[in-house]
Amino acid sequence: MIIMVADDEMIQMEHLKEAVSEAVPDGEITGFTDPLKALAWAKDNMPEIVFLDIQMPVMDGISLAKRLKSINPRVNLVFVTGYYKEYVFEAMPLHFSGYLQKPASAQKVRQELENLRFPLIREEPQHKLKVKCFGDFEIFYDDKPVSFSRVKSKEIFAYLVDRKGAKVNGNKICAVVYEDGENESSNKSNLRSCVADIKETLHALGADEVLVKGWDSYAIDPTRIDCDYFDWEKNEPYAIHAFHGEYMSQYSWAEETLGFLIGKQ
């Protein structure tokens, strides 16, 4: 759990850090007295929870909160102040998670953490295909690796995941996953065999709905899988932290999407 604390008064900041540390012993807690340094750090570290003093020089807590929300719309904002009533109408549009009166105690911090606007505990989907795109591409079902009978089946499935539900015709898939110069009719035959392999594998897992087949077109249903890449696009904190500059590393065609991901950091 990555937590940021910001208060321009050193004593107040240290007191708040101590209270948060007591409430979250295993949390990664970083404190700042300079809101500009806090903002720069947040851009690189994507805190999941931020405890903010409202009255600060250079950039007040409301302004800092707005900047933090633009970086991560799902950040949990907890304002810590003795002047809440004066700022409540400015704070409300930020859809903040909570409010603490100074001096904050560990007990009060725990109460706010139990009622976060964006809970941090992810409920792992039961009996749902889980796809990992960051790093090497891998597929799991109930935490067990999924394997196919044919070598290219996994790559074809990976490419359909990369397309995020868009229908792709057979010729396009062949051009991407098969080497140049191979026989076209042979490639199409291999593609059909791999698609049949994918269907059989999914059927055995009770996940038939994942693959969507049309007239010489193929796609996956994004709503039927749990995928770090898809969750990254939704600004899910776990997915944002899971991306370390690698995407489907074993496939050269994935470099275009990798460039997109790096460009959005």
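**Cysteines, cores and cavities in a predicted model**

Modeller: A search of the whole structure, which is a predicted model, finds zero disulfides.

Colleague: What makes C174 a cysteine in no disulfide?

Modeller: The nearest cysteine sulfur to that of C174 belongs to C194 and is 9.2 Å away. A disulfide needs the two sulfur atoms within 2.5 Å, so C174 is in none.

Colleague: Why is C174 called buried?

Modeller: The relative accessible area of C174 is 7%. Buried means under 20%, so C174 is in that class.

Colleague: How do you know that C227 and C133 are not bonded?

Modeller: The sulfur of C133 is the closest cysteine sulfur to that of C227, at 3.7 Å. The cut-off is 2.5 Å, so this pair is too far apart for a bond.

Colleague: And is C227 buried or exposed?

Modeller: C227 has a relative accessible area of 1%. Set against the limit of 20%, C227 is therefore buried.

Colleague: C133 comes up again in the largest nonpolar core. Which residues touch the most other members there?

Modeller: They are C133, F137, F157, V161 and M248, in a core of 46 residues. Helix α6 (residues 153-162) gives the most to this core, with six residues.

Colleague: What is F157 in contact with, leaving aside its neighbours within four places in sequence?

Modeller: F157 is in contact with L129, V131, F137, I139, F148, I198, L202, V210 and I220. A second, separate core has 20 residues, including M4, L52, V75 and F79.

Colleague: Why is E246 called partly exposed?

Modeller: The relative accessible area of E246 is 46%. Buried is under 20% and exposed is over 50%, so E246 falls in between.

Colleague: Where is E246, and what is it in contact with beyond four places in sequence?

Modeller: E246 is in the loop between α10 and α11 (255-263). Beyond those neighbours, E246 is in contact with C133, F134, G135 and L258. The C-alpha atoms of E246 and I262 are 9.1 Å apart, with their positions 16 residues apart along the chain.

Colleague: Turning to the open spaces, which residues are closest to the centre of the largest pocket?

Modeller: The largest pocket has a volume of about 490 Å³. Of its 15 lining residues, M46, W232, I240, K264 and Q265 are the closest to the centre. The elements giving two or more residues to this lining are α2 (35-45), α9 (228-233) and α10 (237-242), and α2 gives the most, with three.

Colleague: How do the lining residues of that pocket divide by class?

Modeller: The lining of the largest pocket has six nonpolar, five polar and four charged residues.

Colleague: How many cavities of 30 Å³ or more are there?

Modeller: The count comes to two. The largest cavity has a volume of about 50 Å³, and the second largest about 40 Å³.

Colleague: What lines the largest cavity?

Modeller: D7, Q12, H15, L16, V80, K102, P103 and A104 line the largest cavity. Helix α1 (residues 10-23) gives the most to this lining, with three residues. By class there are four nonpolar, two polar and two charged residues.

Colleague: Which residues line the second largest cavity?

Modeller: A42, M46, P47, V50, L68, I71, N72 and V75 line the second largest cavity. Seven of the lining residues are nonpolar, one is polar and none is charged.

Methods:
Residues numbered from 1 in each chain as written. Predicted model: local features only at pLDDT ≥ 70, side-chain atom pairs only at ≥ 80, totals over all residues. Heavy atoms only, no water. Core = buried A, V, L, I, M, F, W, Y, C linked by side-chain atoms within 4.5 Å. Buried < 20%, exposed > 50% of the residue type's maximum accessible area, 1.4 Å probe, protein only. Contact = heavy atoms within 4.5 Å. 1 Å grid on protein atoms, 1.4 Å probe; cavity = no way out; pocket = protein on both sides within 12 Å on 5 of 7 lines; lining within 4 Å. Points joined across faces, edges and corners; volume = space filled by probe spheres on them. Nonpolar A, V, L, I, M, F, W, Y, C, P; charged D, E, K, R; others polar.
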